[in-house]
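Thanks for making the time this morning. I would like to walk you through one model and how its helices pack, and I will try to be careful about what can be said.

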Amino acid sequence: MLSVELAYWQQTLLRTVGVLAAVLLPAGALVQLFLFKAVSFMQSRLGPMEAGPHGSLQLFAEVGKWIQKEDIVPDRADARLFKLAPYLVVGTVLLVYLAIPFGPDAVFADLEGGIFYALAASSVSVIGVLIAGWASANKYSLLGGLRAAGQLIAYELPLVLAVMGVVIQAGTLNLQRIVTAQADGSIFGFGAIGLPFAITQIVGFVVFLIAMQAELTQTPFDMPVAESELVTGFMTEYSGMRFLLFFIGEFAAVGALSAVAATLFLGGWYFPGLDHDANYMNVLGPIILLAKILLLSFVVFWVRFTYPRFREDQLQKFAWTVLIPISLLNIVGTMILKVAF
Amino acid sequence: MTLLATVNSDVPFNVAQNVGFGVIAVLMVTGALRVVTTNNVVHAALWLVLVLAGAAAQFILLAAEFVAITQVLVYIGAIVVLFLFGVMLTRAPIRGEAGLTRSNWFGGALVGVLLLGLLSFTLLDTFGGDRLPADTRLTLRPAAVSQAEGTEPTAGSNVGAVSDSIFSRYLIPFEAVSVLLTAALIGAIVLARKE
């Protein structure tokens, strides 16, 4: 354990800076690495090349550009709610990171109901999206907001149900102890790589990844923001800083749900062969977790730029008739095996 | 670092907790009044979010972490979202509409006051001078710290206690409520379906 004693305000300051770093670093990395570069390579083009070596400073140029733009509120919009909505969306992502452990001591809040809390916090962002769609006083925005709400409600269920398998197997809701359960586990007595729950909970893992793609409204589940029919849905009327906030919120949410998935299924901040109680894990842990976040987010973007969009009815049907029954079966199976062994 | 509710639980009055309670309570009451007085349905739903979030905050002040999270997940994340969804899908003019207040609103107000009186009496009668037991503390300390001290990492946090009581002592009421909810769900489908 760490031998430093910090006053309450120092801890609070550290936590605030830490959460901001934990949100903005992955979000920035995702935009620069995947949205600018990886996708360009997949489409046989180079992507941004001018700002910095190989376009590596493009991100800063983009942020500078958005900050300079005028912040427009439509004449007939509900101005106060219109201005509030982006902060709600970004704020909920900050709250999700609160429960994610980055090392044996590097944790913002070691909540007993950690995973439950993370899912609850992420479910609140729908309200921000609905407000944005309604307050814009624009038909397309309202349609986008409604589609988003319908989709997020439908896919929240498989997301939560897929987590249940892990919770049953680990015997705790606490994310820190889910990580140590995977680090201490063994596969039929072979304990060298621990037991990442992605192996035993492979069904839950796949369901979680699909539901996560839908929760993040990434293609093939991007009807709420479909730019070719709804002109990016609930974000149509936003400009300047507020649009940037939605943008940060979108990519930070990819990072946050990837972090949750990495913690639940891939062992979190632990890497096989390391001592999970050692002090150095507080420094190595965040780096390992960031690597796993980038790995999972790459899958998200890979799928996003590979598949075409679902139709609205196909999407609802897929959630209620395929994903939810499968995840319920997975829970029953896990329960039986948990009792049997 | 422990939650304020449990520091010195034999001291009858915790100033910081009471100040927190007061501030949140004022926000909740203001929000609740706005829910019924505003003439915009969407605004009413959003004021309701403030009231429900305030209730969750009060649960956290009482060190009932699990109940607080459930409050947010179920009421804000699901029920209010469904409200907003329904309202926006049907009719939600952006400037609000006149005549939302019913002529018989005082009947509702009367029921509300009666319910308040009944609940206050029941709570005071049942719990009166009870204090939070000292071990229901919500720790925000990393697990490793508690291990070094030889205590349970999240000693007395109430997730386990809640599930223990639901699935042993209150099992039959719990199952009855589940059946009731299923029946309500089926009833809603039957009503909504046109033959």
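Before any angle is quoted, I should say what an axis is here: it is a line fitted to C-alpha atoms, for helices over the stretch in contact, and the angle runs from 0 to 180 degrees between N-to-C directions. Please also keep in mind that what you see is a predicted model.

Let me begin inside chain A, with helix α6, residues 139–170, and helix α13, residues 312–340, whose axes come within 9 Å and cross at roughly 15°. Angles under 35 degrees count as roughly parallel, and α6(A) and α13(A) are therefore roughly parallel to each other. The crossing of α6(A) past α13(A) is left-handed, and the residues of this contact comprise 16 nonpolar, seven polar and three charged.

Turning to chain B, we find seven helices and zero strands, so to speak a plain α-α-α-α-α-α-α pattern when read along the sequence. Of the 195 residues in chain B, 20% are buried, and if we take the contacts in chain B between residues at least 6 apart in sequence, 56% of them join residues at least 24 apart.

How many residues does each chain bring to the contact between the two? Chain A contributes 32 residues and chain B contributes 28. On the side of chain A that touches chain B, the elements giving two or more residues are α4 (114–123), α5 (125–135), α6 and α7 (175–184) of chain A, and by class that side has 20 nonpolar, five polar and seven charged residues.

One helix pair across the two chains deserves a slower look. Here α5(A) packs with helix α3 of chain B, residues 65–90, at an angle of about 20° and with the axes 10 Å apart, and α5(A) and α3(B) are therefore roughly parallel to each other. Their crossing is left-handed. From α5(A) the contact takes V126(A), I127(A), L130(A) and W134(A), while α3(B) supplies I76(B), V80(B), V81(B), L84(B) and M88(B); by class, that makes nine nonpolar, no polar and no charged residues.

Two residues of that contact, I127(A) and L130(A), come back when we look at the largest nonpolar core, which has 124 residues and in which I127(A), L130(A) and A211(A) have the most contacts. Helix α11 of chain A, residues 240–265, gives the most to this core, with 15 residues. As for L130(A), once its neighbours within four places in sequence are left aside, this residue is in contact with G145(A), A149(A), V81(B), L84(B) and M88(B).

Conventions:
Residues numbered from 1 in each chain as written. Chains lettered and ligands numbered in written order. Predicted model: local features only at pLDDT ≥ 70, side-chain atom pairs only at ≥ 80, totals over all residues. Helix = DSSP H or I, 4+ residues; strand = E, 2+ residues; numbered from the N terminus. Parallel < 35°, antiparallel > 145°, perpendicular 65-115°, else oblique. Left-handed = near helix turned anticlockwise from the far one by under 90°. Nonpolar A, V, L, I, M, F, W, Y, C, P; charged D, E, K, R; others polar. Contact = placed C-beta atoms within 7 Å. Buried ≥ 20, exposed ≤ 12 C-beta atoms within 10 Å, placed from the backbone. Core = buried A, V, L, I, M, F, W, Y, C linked by C-beta atoms within 7 Å.
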